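Q: Can you walk me through this model? Short answers are fine.

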Amino acid sequence: TSFGYKQVREEEKSKLVGNVFSSVASSYDLMNDLMSVGLHRLWKDRLVSKLNPFPGMKHLDVAGGTGDVAFRVLERIKSVGHRAMQGTLTDTEEDTHIYVCDINPNMLNVGKKRAAERGYSGEHCLSWIQGDAEALSFEDGSMDGYTIAFGIRNVTHIEKALAEAYRVLKRGGRFLCLELSHVDVPVFKEIYDVYSFSVVPTMGELVAGDRQSYQYLVESIRRFPNQEKFAQMIQEAGFQRVEYENLVGGVVAIHSGLKL
Ligand code: SAM
């Protein structure tokens with residue numbers, strides 16, 4: 001039946017995603033820098049500035065991998081906290097908690113190591129939790145913010161991940177998603193196609209010794225719904241004031257929504 005076929009495909013997808021990130025974990029950060037010519041750093045900065053983190057917040061970064069987004073959230077909260085201390089505001093920095101959730105323990109281990117290198121190993125406000133975006137272990141209405149960067153494209157049922165994001169957020173909580181998206185600018189689109197179909201897999205082979213994983217990456221970008229469609233899915237999950245911002249002509253997009 002078509003259902004049986006779909007189920008096999010889904011199982012294959014989950015397994016494939018698992019294999020991809022186990023095999024790329026150690027070279028993941030380097031590959032990110034190479035493939036995006038360092039731009040992913042700016043995109044993540046933008047994501048976190050849209051989040052507008054505040055001292056005392058409870059934040060969940062799903063598919064958090066090696067910690068890039070979580071470290072930025074923490075750094076911003078620290079800088080806000082220090083400004084607050086110089087003024088007369090009460091410092092609630094200690095209540096801050098950032099949860100990094102990822103399905104892949106190898107990615108989380110790289111993240112923990114990086115946290116230690118940055119001197120964050122003693123931070124009680126950073127937790128690394130293995131878990132699935134489609135079935136989160138957090139309580140209803142427990143988070144002020146939810147981010148997912150370059151992650152939702154990999155989950156098997158996007159709707160389930162969105163429903164879970166909605167469930168764990170508090171009223172007033174913000175959903176933010178950074179994802180490789182669809183370029184719709186003539187000429188640039190053609191250049192981008194050549195880059196992603198030829199250059200990226202070759203780079204994956206040369207640097208990470210793994211052409212297949214990077215081939216998968218490019219194909220998964222093509223299959224992901226376009227900006228408008230994805231915005232609609234976020235709305236259908238219950239979020240309000242849904243909007244998106246294209247960066248570099250749609251190479252990536254940041255979608256946001258509020259749980260009101
Ligand atoms: N957010 C990090 C970043 O921007 O550098 C990592 C992004 S990486 C491209 C995608 C991550 O999604 C991987 O670490 C992978 O293990 C994780 N992932 C894939 N499927 C997942 C799922 N169903 N639930 C949670 N994490 C998942």
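A: A word on terms before the helix pairs. Axes are lines fitted to C-alpha atoms, for helices over the stretch in contact, and angles run from 0 to 180 degrees between N-to-C directions. Helices (H or I, at least four residues) and strands (E, at least two) are DSSP runs, numbered from the N terminus.
Q: What angle do α2 and α7 pack at, and how far apart are their axes?
A: Helix α2 (residues 28-35) packs on α7 at about 145 degrees, and the axes are 11 Å apart. The crossing of α2 past α7 is right-handed. A crossing is left-handed if the near helix is turned anticlockwise from the far one by less than a right angle, and right-handed if clockwise.
Q: Which residues make that contact?
A: From α2, L30, M31, L34 and M35; from α7, V200, M203, V207 and A208. Contact here means that the C-beta atoms, placed from the backbone, lie within 7 Å.
Q: How many are nonpolar, polar or charged?
A: The contact of α2 with α7 has eight nonpolar residues, no polar ones and no charged ones. Ala, Val, Leu, Ile, Met, Phe, Trp, Tyr, Cys and Pro count as nonpolar, Asp, Glu, Lys and Arg as charged, and the others, Gly among them, as polar.
Q: Hang on, what sort of model is this, and how is the numbering done?
A: It is a predicted model: local features need pLDDT of at least 70, side-chain atom pairs count only at pLDDT 80 or more, and totals for chains, interfaces and linings use all residues. Residues are numbered from 1 along each chain as its sequence is written.
Q: Back to α7. How does it pack with α8?
A: Helix α7 (residues 188-208) and helix α8 (residues 211-223) pack at about 150 degrees, with axes 7 Å apart. So α7 is roughly antiparallel to α8. The cut-offs: under 35 degrees is roughly parallel, over 145 roughly antiparallel, 65 to 115 roughly perpendicular and the rest oblique.
Q: Who meets whom there?
A: S196, F197, V200, P201, M203, G204 and E205 in α7 meet R211, S213, Y214, Q215, L217, V218 and I221 in α8. By class, the contact of α7 with α8 has eight nonpolar, four polar and two charged residues.
Q: And T202, buried or exposed?
A: T202, in helix α7, counts as exposed because it has 12 C-beta neighbours inside 10 Å. A residue is buried if 20 or more other C-beta atoms lie within 10 Å of its own, exposed if 12 or fewer, and partly exposed in between, with C-beta atoms placed from the backbone.
Q: New topic. What surrounds the ligand?
A: There are 21 residues around the ligand, and the closest are A63, G65, N104, A133 and A149. Near means a C-beta atom, placed from the backbone, within 6 Å of the molecule or strand. α1 (2-24) and α4 (68-86) each supply at least two residues of that shell. By class, the shell has 11 nonpolar, six polar and four charged residues.
Q: What is the phi of N52?
A: Near 55 degrees, a positive value in a residue other than glycine. N52 sits in the loop between α3 (39-51) and β1 (58-62).
Q: And V248's phi?
A: Near 45 degrees, again positive and not a glycine. V248 lies in the loop between β6 (240-247) and β7 (252-258). V248 counts as partly exposed because it has 16 C-beta neighbours inside 10 Å.
Q: Last one: how many helices and strands?
A: The chain has nine helices and seven strands.

Notes. Contact = placed C-beta atoms within 7 Å.
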